[in-house]
Amino acid sequence: MVQSRHWLSALSCSLAISVVSIAANTTSAYAVSLVNNLTIPGNSTDLSPLNGGMGGANVNRLALFSDLYYDRYQNVYYSLPDRGPGGGVISYNTRIQKFSLDVDPNTGAISNFKLLDTILFTKNGKNFNGLNPSLLNSDAGVLGLSFDPEGFAVAPNGNFYVSDEYGPSVYEFSSDGSFIRAFKTPENIIPKVGSSSNYVDGQGTITSGRQDNRGFEGLTLSPDGTKLYAILQDALVNEGSNEGSADGRYSRNVRLVEFNTATGESVAQYIYQLETIADINERIPGTKDDFKKNAQGRNIGVSAITALNDKEFLVLERDNRGLGVEDTASSKPVGSKRVYKINLTDATDVSSISLAGSNMLPVSVNAVNKSLFLDIADALADAFKVIPEKFEGLAIGPQLADGSYALLLGTDNDFSVTQNGDDVQFDVCTGGTQVPIDQGCPAGETLIPSFLYSFKASSAELTGFVPPVKPLEKVPEPVSNAGLVLLGLGGFWLKRRQHGSAK
């Protein structure tokens, strides 16, 4: 059925980007079918300037798919590599990767990945950095230029919106990566010890706000560009309960924050409920590998979100199992790699409602409506022996000749780097060998790659999908004359005809 060998042996033979084609599309019950995938070697390099220095894992090693965005008007893609190798303890100038990709207009098959640009995030000429605030700013309560980018969207004027896990924050950048502004994070989301911000520590130290390393994991823009949606990975640290003590690890209630792009203010918060641990464990053979109760709001979480229209979204939800730097053998059975469709229509705004100390929603609160769109693990099971851990990139790609769409899913390989308890970093090789960083894997092994999968989603499954607004002509100054009215949007003045559609 699969026209390739197991990925481990295939990678040991060649470092070129490889394509796995599926002889017959693997179809789910939801009219979404697997087409093919690309393997991007872990030792690939990006296009960041070396400035006369040497390359390396924290300098120019290519990492991808902490988020994935398709610009359908320029036919290019953007992907984030988060805060860099080493979990926030190695200096790394944060960036966005821009690339092109061929998508077969009939089948949706992807090929010819080509990196076009590496764009560094800067503020007043200084680089944003993946180091945590304690290391970068010598103060856990000062965010500064510490940045862990996880969600990405392009504004109608071409600017970048990027969400971050440390703050958690939402920033706007120009298309060259220069900082423009920060959105205002709601107070209940900011991690605190009492009333003092703490962007570094986790459970047991912080008393409210997002859990450590569980900030704004996904970001998407409404089609008209007026609303931005940022979703946390898991519940707030204080919005959950274990034996009477506040503990977000036991809760499935994740906050989705709606921002007004004109003002930068949050205007609503909604609750997205993760799949229950009980239901996930039902899919795992036997009981010895079941998830524990405290995995509900920690090992299960949201990885990405993309808008279908003003009210409906696709959300990527996953567990922490599968091929990755902590488990190259994928030794434990995968319980959840899924895409859900959600609807905000009947959801309750919980901006002023605390869920502290409870795993349950009040009877007056409606979570977002949620239905299964794609079971990724099920779709890959017949075609691949190994399922990657970190599916984090999700994008609706080009429309195909029959009206369907390519649906793209990417995996984050964590730069193929892990660290020990003393924060010493090691490269992780495909055979499980750990070697000093940048020293090279032993013969027959390579760094863990990134994967990009293409699925074909029928037009029926994506009924209601509204592509983002197409950028309009920029004019020099706001003026008006007969038949024309000029509207300000995101720093640009956009010319529309007063009667009829925009030209």
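Phe121 is buried, and Phe147 is buried too. I start there, in a model that is predicted.

These two rings form an aromatic pair. The geometry is edge-to-face: 5.4 Å centre to centre, with 80 degrees between the planes. Where do the two residues sit? Phe121 is in the loop between strand 6 and strand 7 (122-123). Phe147 is in the loop between helix 2 (133-137) and strand 9. The parts are 26 residues apart in sequence, so the pair ties them together.

Next, a second pair: Phe183 and Phe259. Again edge-to-face, at 5.7 Å centre to centre and 90 degrees between the planes. Phe183 belongs to the loop between strand 12 (179-182) and strand 13 (192-193). Phe259 belongs to strand 19, residues 253-260. Here the parts tied together are 76 residues apart in sequence. Both Phe183 and Phe259 are buried.

How many aromatic pairs does the structure hold? There are 28. Back to Phe121 and Phe147: they belong to one aromatic cluster with Phe128, Tyr171, Phe173 and Phe179.

Now to the strands. Take strand 22, residues 312-318. How many of its residues are buried? Seven of seven, so to speak: the strand is mostly covered. Look at the two directions. Glu312, Leu314, Leu316 and Arg318 point one way. Phe313, Val315 and Glu317 point the other way. All of these are buried, Glu312, Glu317 and Arg318 included. As background, side chains in a regular strand alternate between the two faces of the sheet.

Strand 22 has strand 21 as a partner. Six bridges join them, and the run is antiparallel. Ala307 stands opposite Phe313. The two strands make a hairpin, with four residues between them.

Strand 22 is also joined to strand 23, residues 337-343. Seven bridges this time, antiparallel again. Here Leu316 stands opposite Val339.

Keep Ala307 in mind for the cavities. A search of the whole structure finds two of 30 Å³ or more. The largest has a volume of about 250 Å³. Which residues are closest to its centre? Of the 23 that line it, they are Tyr69, Thr220, Thr306, Ala307 and Pro468. So to elements. Those giving two or more residues to this lining are strand 3, strand 9 (149-154), strand 15 (216-221), strand 21 (301-307) and strand 25 (391-399). Strand 3 gives the most, with four residues. By class, the lining has 18 nonpolar, three polar and two charged residues.

The second largest cavity holds about 60 Å³ of space. Its lining includes Leu323, Gly324, Pro388, Glu389 and Lys390. Thr411, Asp412, Asn413 and Ile448 are also among the lining residues. So are Pro449, Ser450 and Phe451. The classes here are five nonpolar, four polar and three charged.

Glu389 and Lys390 come up again at the largest pocket. That pocket has a volume of about 730 Å³. It is lined by 37 residues. Nearest its centre are Arg83, Asn213, Glu389, Lys390 and Asp414. Which elements give two or more residues to the lining? Strand 21 and strand 27 (417-419). The lining divides into six nonpolar, eleven polar and 20 charged residues.

Last, back to strand 3, and the sheet that holds it. This is an open sheet of four strands, in the order 3-4-5-6, with antiparallel pairing. Why is one side of strand 3 left without a neighbour in the sheet? Strand 3 (67-71) stands at an edge with a single partner strand, so one side has no neighbour in the sheet. Strand 6 (110-120) stands at an edge likewise. The twist averages 25 degrees from one strand to the next. In general, strands of a sheet pair through backbone hydrogen bonds.

Inside the sheet, strand 4 (residues 76-80) meets strand 5 (residues 95-103). Three bridges join them, antiparallel. Tyr77 has Phe99 as its bridge partner in strand 5.

That is the tour.

Technical notes:
Residues are numbered from 1 along each chain as its sequence is written. This is a predicted model: local features need pLDDT of at least 70, side-chain atom pairs count only at pLDDT 80 or more; totals for chains, interfaces and linings use all residues. Side-chain values use heavy atoms; hydrogens and water are left out. Two strands pair if DSSP finds at least two bridges between them. Axes are lines fitted to C-alpha atoms, for helices over the stretch in contact, and angles run from 0 to 180 degrees between N-to-C directions. On a 1 Å grid over the protein atoms alone, a cavity is a set of points where a 1.4 Å probe fits but cannot get out, and a pocket is an open set with protein on both sides within 12 Å along at least five of seven lines; lining residues have an atom within 4 Å of a point. Grid points are joined across faces, edges and corners, and a volume is the space filled by probe spheres set on the points. Ala, Val, Leu, Ile, Met, Phe, Trp, Tyr, Cys and Pro count as nonpolar, Asp, Glu, Lys and Arg as charged, and the others, Gly among them, as polar. Rings of Phe, Tyr and Trp (its six-membered ring) pair if their centres lie within 6.5 Å; planes under 30 degrees apart count as stacked, over 60 as edge-to-face and the rest as tilted. Buried means under 20% relative accessible area, exposed over 50%, partly exposed in between (1.4 Å probe, protein chains only).
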